[in-house]
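Work through the exercises below with the structure at hand. Try each task before reading its solution.

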Amino acid sequence: MRSIAEALASMLPAFSPLGEEEVHLTKSSGRYTSRDIVARFDSPAFDNSAMDGYAVRAADVATATENTPVRLPLRGESRAGGALPGTLEPGTVCRIFTGAAMPMGADAIVIQEDTERDGDQVEIRHASPAGQHVRAQGSDVAAGAVLLRAGDRLWPGEIGLLASQNIDRVHVFRRPKVAVLTTGDELRELGDDLEPGAIVNSNVYVLTEMLRALGATPMALPAARDSLPDIEAALRKALEADVVITTGGVSVGAYDFAQEAFENMGIELGFWKVRMKPGKPVAFAQYDGKPVIGVPGNPISAMVTFEVLIAPCLRKMLGDPQPHPQPVVARLRDSYRRRPGRVEIARGVAAREGDEIVVALHDLQGSGSLPSFVGVNALVILPQDRAELAAGERVEAILWGPGLTGDRSCFEDLS
Ligand code: AMP
Ligand code: MG
């Protein structure tokens, strides 16, 4: 049986970015750029003032102090969005506001607070060296400079930078279309009548949301029945997508047909079974290079195998050069006994306590127990060989869902 790391190592090569598309900047949030993006123009595009005050020639006010102010005549005004100011004659000042263009010849700003206006004269009470409070053309970004590298993710900050450069369309990696094929005679859709023995196909709703949250495009198929012809027909449809995820039918039960269906259809099995709990009977296969992953039907197993094995692969496919979640170090709140042999991905609730993160494992850790995912913000990684973990022991945890939140502001202690 493979370790999680070995399973990932066999899966990742099958997930490469799918090529690019061009999208409007307003539709680009969360996407990964597929090309370097360079600046169209200098930013700022023109010298402008960082403060409200007066534009001056620094040499004219070099001797100004509180006790020996310099009086200079006021000539004109420059405001943000206003007409461009003319040249500042030596020995004069120009009223200026934040963001407004510097007049030609002016090289410094004296802030309003260091001046006194007297009719058409201004008393300057503070010297201002050349460049003071001036945002020089190109000081943020020079035209042609690389703004973002291929593989960068577009967050609001990145979107702001591109917007400031009037870049309205960006090249991003295409979203993979991922088929979700659930299997099981017992499955019904939301709102259906549930006769005895039937259950709601919760996996399809969970996996659809997990895919969407990653940035992939889910393609949910109607659940297939536990019969070879049904599963094969559904697989044929599913293989129109870029990636196929099946749930259920991967165990050794009499009605577990996933593997046989894979074989009949020429979907080549890479591995079956990983040393993890939950999620052991996960299968990875490929159809002509297209990844097909069979996850167990148990809802918790399906979620955990998705997060641990499938999510990093899909992130890579989405264009993320760093697709692996990085765990935080946390302390276990309580002791925990377990059967060793597999890495366990336990569900927990993590919170800050002083300098540390403390994690309480959920009471319910069964692989079919959906309440064991409610309120969970940490997937706690328990090493495979440990039978007993002590309270206070350090473990690694992947933050999940809402991450670390609390009812108390972290700013309260700062005065
Ligand atoms: P299987 O992997 O098909 O043996 O299913 C394992 C368990 O998960 C069984 O109790 C199934 O009823 C349940 N199960 C399978 N598929 C789903 C699904 N799509 N949604 C919710 N539960 C499921
Ligand atoms: Mg089944």
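Three exercises follow, on a ligand and on a surface patch.

Residues are numbered from 1 along each chain as its sequence is written, and chains are lettered from A and ligands numbered from 1 in the order in which they are written. The model is predicted, so local features need pLDDT of at least 70, side-chain atom pairs count only at pLDDT 80 or more, totals for chains, interfaces and linings use all residues, and side-chain values use heavy atoms, with hydrogens and water left out.

**Exercise 1.** Describe the shell around ligand 1.

Step 1. Find the residues near ligand 1, meaning those with a heavy atom within 4 Å of it. There are 16, and Glu 186, Asn 201, Asn 203, Gly 249 and Gly 297 come nearest.

Step 2. Sort them by class. The shell has four nonpolar, 10 polar and two charged residues. Gly counts as polar here.

Step 3. Look at the DSSP runs (helices: H or I, at least four residues; strands: E, at least two). Strand β15 (199–200) and helix α3 (202–214) each supply at least two shell residues.

**Exercise 2.** Which backbone atoms make polar contacts (N or O pairs within 3.5 Å) with ligand 1?

Step 1. Take Gly 297: a polar backbone atom lies 2.9 Å from a ligand oxygen.

Step 2. For Gly 249, the distance to a ligand oxygen is 3.0 Å.

Step 3. For Asn 298, it is 3.2 Å, again from a polar backbone atom to a ligand oxygen.

**Exercise 3.** Is Val 200 buried, partly exposed or exposed?

Step 1. Locate Val 200: it lies in strand β15.

Step 2. Apply the cut-offs: buried is under 20% relative accessible area, exposed over 50%, partly exposed in between (1.4 Å probe, protein chains only). Val 200 has 30% relative accessibility, so it counts as partly exposed.

Key: A residue is near a molecule or strand if one of its heavy atoms lies within 4 Å of it. A polar contact is a pair of N or O atoms within 3.5 Å; within protein, one must be able to donate a hydrogen and the other to accept it, and residues adjacent in sequence count only if both atoms are side-chain atoms.
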